[in-house]
Each structure stands twice: as structure tokens, then as C-alpha cells.
Amino acid sequence: MDLLTFARGPGMHWATTVFVIGVLWRLLGMLLLRGRKDLSEPRSTAAWKGLRLIGLRSWPRKEFLGGTAFGEIMGYTFHIGFLVALFFYLPHILFFEDIAKSVIGVNFKRVFGFAWPYLPGGAIYFFSAVSLAALIAVLVHRIASPVKRMLSNFDDYFSWFVTIAPIATGMLAYSHYGAPYPTLLGLHLVSVELLMLWFPFGKLMHAFTMFLARGVQGVDFERKGASL
Amino acid sequence: MSAIVADRQGEMPDAERVAKATQGFLRDFGRTAAIYMESCIHCGMCAEACHFYEVTGDPKYTPIWKIEPFKQAYKREYGPFAPFYRMLGLKREVTEPQLEEWQHLLYDSCTVCGRCSLMCPMGIDIAGLISDARHGMARAGLVPKELGEAAERGEREGSPLGATPKVFKERIAWLADEHEIQIPLDRGKAEVLCTLSSIEIMKYTASIVAMARIMKHVGADWTFRTDGYEATNFGLLSGNAQWQKDMSMKLIDAAIACGAKTLVLPECGHAYGALRWMGANMYGKPLPFRVLHISEFLAESARSGKLRLKKLAKSATFHDPCQISRRGGAVEAPREVLAALGVELKEMFPTKGTNWCCGGGGGVVAIRRADALRYKVFKLKMDQIDDTGAELPVTSCSNCRQTFDDGQAHFKWDKSMNSLLELVADNLIEA
């Protein structure tokens, strides 16, 4: 079995299985714990309004911006570049549509009335390059900053690696650089599978937990009238 | 990491101390704490919000780092993948020396002010996790000496600073006589139960007289009670959850005994958090009375027209006590009172929810070995107040006030912190 056949077949199958079970396991491991009812008299009876913290905390308050601007800007840059490449590159869209059709029998165009928009390959290449550069800047900052270096462990560096690898291999595959295309595509798919395999176990899970934590803090603090 | 020698209470093997610390930390662990523990991405941004990091630049003061051993314990013992971590040896066991090393971070250099919780881009309430970690440290007998002793005295004598019921009763009699004012004590029935902090009873006695004058002025049906007067809660500050409950229950029982509809908390930050937000959870059901901070009571009285005040032709700036303002939600009440006093309010930057802590909260002011670090933090506060150009610094927390008095003496500062309560009492329009 060659690399591409493995990556398209058993590799993708097992990575998806571990991803789905792992994410559910970790989420349920938190959500099924008991929640403690707060018996204090609330200041606000509309505590749910605290859910606005999910959006509010996407950018720091002006008082905190000075020391965090670099991290915020680089963070947004690599996330946006990564997500644009993931969701607006035609081969990726065809891949997702294929899964949606075969697993849940849904056709994007039939549901939404328009085709999933995509960007030209050159634009995707640009976004990927920007994301790649921002990720390198983020790594340099992690190593150079005494605070981040002290906090960092295997998870931080490995999560960085499995995030940058699909971008780098994707760019190589797009430009047909360094090896035959099937090998580059196989490498790209394997790097994606590595990301999926690691996702539930490390900090990449913040893609889910971030919304939960912000929501929980928002509701708790809003109930007290505390600052958000 | 730290050259500071940790304090220990009790004799027990190291392994037992570690086990107790872990149990104490995980004791009340539920969904919320687990979500927080699973969400950190090690971005380090919380450091930017912490006054201890701000003034030292030392990475060890990064707020989330202060709970590192407890994160380790959680992942190994309790998290969704705990069995795998243990089986594969991916997370080491927490050690006793590690916990001793962290005592400085969890107590000396954290006022539990909660500024970091507002910074965290993931939305983790880091200050809440610090309190959980203190539960673990207290159970393991790893609390700084002064905090441990004050908590023990509070539990045994009813007050951490020696304001026993007998001392309190004598002090009330003396103040009533000295100031020729009636201070009701131990009334069987009263609408309002007033409480005090030990600092007020032992040091800022003018606050007791001020409270009596204001209660008389607004025509309140009120009392102090010797079975529930001490709102200071060193059980909370030290992390001893049982003692915290015992101390809160005295106030709750006293309020119920006299049929109070309102319990007024004194100018004390952590007392507000302890009773206003944690009291009912200690009691196990909703409290049958309202809990108000004195600044909220004053604001309510001003709003209803019962509180009539002379206008002060001065400028003032308000120092927000963290547990009342940022974490407690009573942000505007003191400002309403200052407006009623007619002062020109010159806000600090930052202010309200993001105001800098004075550095003495969370029990830090009681820890002698933390003084040098606390003064560095206080300098930040001093500069912030100087920058406003206001004539009167005002606050509504006697613990903050004590920190300011100490800082003022240390730096020979030309400003003194004022009590909002006393300022109001000094400017009542007498009928």
C-alpha cells in the first residue's frame, strides 16, 4: 500500500475515529460532572446575558491591550489564514461535500440554495503563507518570552507542529515541489491525520472549550453583576 | 524557584500532605472548574493583568502558573484522560517540596483580585481556581504562618485580631460613652443587623461610631449582636473551607435569631464575597435576608432620600476594592454615594472592574515576609492615585485602608486613604 492509498483509506478512517471519540470523551468528561447550584440571591436575573462574553473576550479590553497586542495579532493572523485555506480551497470543499453527502446525505447547494464559495488557488497559497509566517512568529515568541517559555510543555510544541505541518505540506502539494504529486498529497493527508489524532488530547481542544469557559464565566459573573 | 521557606502546620508524612492537598483542591470540583482546567492554552496573557508580574517582570508570578501543581494533580487524578496519564506515566505526581515552593505563589503573591480572570482570552476564572488551590494547601497544612494563626484564632475566639465577644462588648460600651451615642447591642428583634471587620473593631473604631450615627440618621431599626458581629473571614483567606463556613454561619444564625431583613456588611472586601456570594451556598439554601455592603446600603439610603448629606467642595478618587467591585458587582454604589456628597470624582486609569488592587487583599497584608513585594505593588497604586490629582483618595474596605496606611508610612506618602463610611458620617445633615 503506498502512502496516498494509506492516507486516503485506513489513515483517514482511524484518524477520524480517534478524533470523534476523543473529542466526545473529553467533552463529556467535563460536561457530565455535577454542576453546583448557586443559591445566592442574583444581582441580575438575566444571567444568560453573560453569554455575550463569548464574543466580548475575543479581543482584550483596552486596559490590557498593550502587553498582549503581538500575541493577539499573530494569533488572529494564523487562525484566519488556516481557516481560509481549510474552508475556501476547492479540493477541501469537494472533500467536505463528499463526506457530508455520504455520511448524512446532505448536499450543501440543495440546503443553502447556493454553492459553497471558494477562492482561487493562488489566494489560498497566499493565506497559507501568511498563516505559516505567523505560526513561525508565534513559535519564536513562545521561545523568546520568559512567561510563555516557562508555561510551555510538550503539548504546546507538538500542537504547534501538527498545526503548521498541514499548511506546509499543503503548500508543497499545491506547488508540486520536491517530490511527485501523489507523495506530496499523501504527506499532506498524513499531516492532517496527525492533527486529528492529537486534537482531542492537547490544547487544540480550545476550539471547543474556549466557548464553554467563556460562557460559564460570563453567566457566573453576570449573575453577580461582576465585571466581564 | 523561591528562597522563601514555607510554613507548615501539623506533623504528617509528605505523601499524606500531598494526598490531602489534592483532595482539598478537588473537593468541590464540578463541571465549571473542570471546564476551566481543560481550557488553558498557555498563552501567558494573564501575566499582563497581574500586579505582581507588572512590578517585578518575574514570570513565576504569571497567574495560571500559580496553580501549576494543582493542574498537574487534576490532569493526573481527575481529568477525562487521567487513567491514561497515570498508566503511561505522562504526568508526574505532585511532590511535597513542589507544594511548599508554591506557597509563596498562592498566598504571598496573589490577592485573589481576579484581574487575571478578566484578561484570560479563554475565559478561565483563574482567581476562582486560586481559591480552590488554597483549599488544598489549607488541608495539607501549608498555609503561611500568620494566615494560619489568624484563621485558627478566628475559629477559636471568634475574631482573628482578638476582638472576642467580650472585647467587642466593652469596646461598644466605651465608644457609646465616649461619643455620647446610642449603639444598640444584642437587641432581640431588629430589621437590620450590622456587622464589622476586626480591623474596624481594633483599629478604625471611628467606623463603628460612623455606622451608628448613619443608622440613627436614616432611622433604621438596627442592632449589633455579640453572637454575630465579626465579618472578617480568615477561613476564606487561608483556604480552610470548614472554618469559612463556621464563620459565615455565625452571621447567618445571628441575623435569623433577630429576624433581620437586611444584613449590612462592613467596609471589608473579602467579607462581601464570603457572605454575599458564598453565604447561601454555605447555608445550603437561600438566605432569608438581604445581604448588602455598607456602600450599597448608603447608596440605597441616598436614593430613597433618607440620607441627607452636606456637599463637600473637594475632588476625590475612588479605589475599588476587588472583591466588592470587580468580583462582587457593587461598582456603582460607592460612586452614587460620592455623587451625593457632591465631590468631583476623578477616576483612576484603569478604574472600576480593571482597577489595580492595593496589594494587600487575599490575606497578603497579614503575611510579613511578603511586605517587600507588597510595597512594590503598592507603588503602582500610589502612582495611579497621584496621577488623578484628586484631593481625597476614598475606599470602602478597611483591609485596603490598612494596606494604604502601611504603604503611606513606608513611602512617607503625602496622602491618606479615607473611609467612605466615615466621610458620609462626617457630612450628615443633622435634623
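Colleague: What radius of gyration would a compact globule with 431 residues have, and what does chain B have?

Modeller: In this predicted model, a compact globule of 431 residues would have a radius of gyration near 22 Å, and chain B agrees with that expectation because its own value is 22 Å. Along the principal axes, the C-alpha trace of chain B spans about 75 × 45 × 35 Å. Within chain B there are 21 helices and eight strands.

Colleague: How should I read the strands, and in what order do strands 1 to 4 of chain B lie?

Modeller: As a general idea, strands of a sheet pair through backbone hydrogen bonds, either parallel or antiparallel. In chain B, one open sheet of four strands has the order 2-1-3-4, and its pairing is parallel. Strand 2 (222–223) and strand 4 (290–293) of chain B are the edge strands, each pairing on one side only.

Colleague: Which residues stand opposite each other in that sheet?

Modeller: Strand 1 (residues 192–194) of chain B is joined to strand 2 of chain B by two bridges, and there Val192(B) stands opposite Trp222(B). Strand 1 of chain B also pairs with strand 3 of chain B, in the parallel sense and over three bridges, with Cys194(B) opposite Val264(B). Strand 3 and strand 4 of chain B pair over four bridges, again in the parallel sense, and the bridge partner of Leu265(B) in strand 4 of chain B is His293(B).

Colleague: Where is the other open sheet of chain B left without a neighbour?

Modeller: Four strands of chain B form this open sheet in the order 6-5-7-8, with parallel pairing. Strand 6 (344–345) and strand 8 (418–419) of chain B stand at the edges with a single partner strand each, so one side of each is left without a neighbour in the sheet. Strand 5 (residues 315–319) and strand 7 (residues 392–395) of chain B pair in the parallel sense over four bridges, and Phe318(B) stands opposite Val394(B) in strand 7 of chain B. Helix 18 (residues 333–340) of chain B packs on the sheet, where it touches strand 5, strand 6 and strand 7 of chain B, and its direction makes about 165° with that of strand 5 of chain B.

Colleague: How do I read the angle between two packed helices, and at what angle do helix 1 and helix 9 of chain A pack?

Modeller: Angles under 35 degrees count as roughly parallel. Helix 1 (residues 3–31) and helix 9 (residues 181–198) of chain A pack at an angle of about 10°, with their axes 9 Å apart, and these two helices of chain A are therefore roughly parallel to each other. Residues that make the contact include Leu4(A), Gly11(A) and Phe19(A) of helix 1 of chain A, and Leu185(A), Val190(A) and Glu193(A) of helix 9 of chain A. By class, the residues of this contact divide into 14 nonpolar, four polar and two charged.

Colleague: At what angle do helix 6 and helix 8 of chain B cross?

Modeller: The axes of helix 6 (residues 96–108) and helix 8 (residues 126–139) of chain B come within 11 Å and cross at roughly 135°, which makes helix 6 of chain B oblique to helix 8 of chain B. The crossing of these two helices of chain B is left-handed. Leu99(B), Gln103(B) and Leu106(B) in helix 6 of chain B meet Ile130(B), Ala133(B), Arg134(B) and Met137(B) in helix 8 of chain B, and the residues of this contact divide into five nonpolar, one polar and one charged.

Colleague: How many residues does each chain give to the contact between chain B and chain A?

Modeller: In general, the size of an interface is often given as the accessible area lost when the parts come together. Counted by residues here, the contact takes 45 from chain B and 46 from chain A. Helix 2 (31–37), helix 7 (115–119), helix 15 (269–277) and helix 16 (279–283) of chain B are the elements giving two or more residues to the side of chain B that touches chain A, and the largest share, five residues, comes from helix 2 of chain B. That side of chain B has 21 nonpolar, 15 polar and nine charged residues.

Colleague: Which peptide bond in chain B is cis, and where is its proline found?

Modeller: The peptide bond from Phe349(B) to Pro350(B) is cis, with omega near -10°, and Pro350(B) is found in the loop between strand 6 and helix 19 (371–388) of chain B.

Terms used:
Residues are numbered from 1 along each chain as its sequence is written. Chains are lettered from A and ligands numbered from 1 in the order in which they are written. This is a predicted model: local features need pLDDT of at least 70, side-chain atom pairs count only at pLDDT 80 or more; totals for chains, interfaces and linings use all residues. Two strands pair if DSSP finds at least two bridges between them. Two residues are in contact if their C-beta atoms, placed from the backbone, lie within 7 Å. Axes are lines fitted to C-alpha atoms, for helices over the stretch in contact, and angles run from 0 to 180 degrees between N-to-C directions. Angles under 35 degrees count as roughly parallel, over 145 as roughly antiparallel, 65 to 115 as roughly perpendicular and the rest as oblique. Ala, Val, Leu, Ile, Met, Phe, Trp, Tyr, Cys and Pro count as nonpolar, Asp, Glu, Lys and Arg as charged, and the others, Gly among them, as polar. A crossing is left-handed if the near helix is turned anticlockwise from the far one by less than a right angle, and right-handed if clockwise. The radius of gyration is taken over C-alpha atoms; the globule rule is 2.2 Å times the number of residues to the power 0.38.
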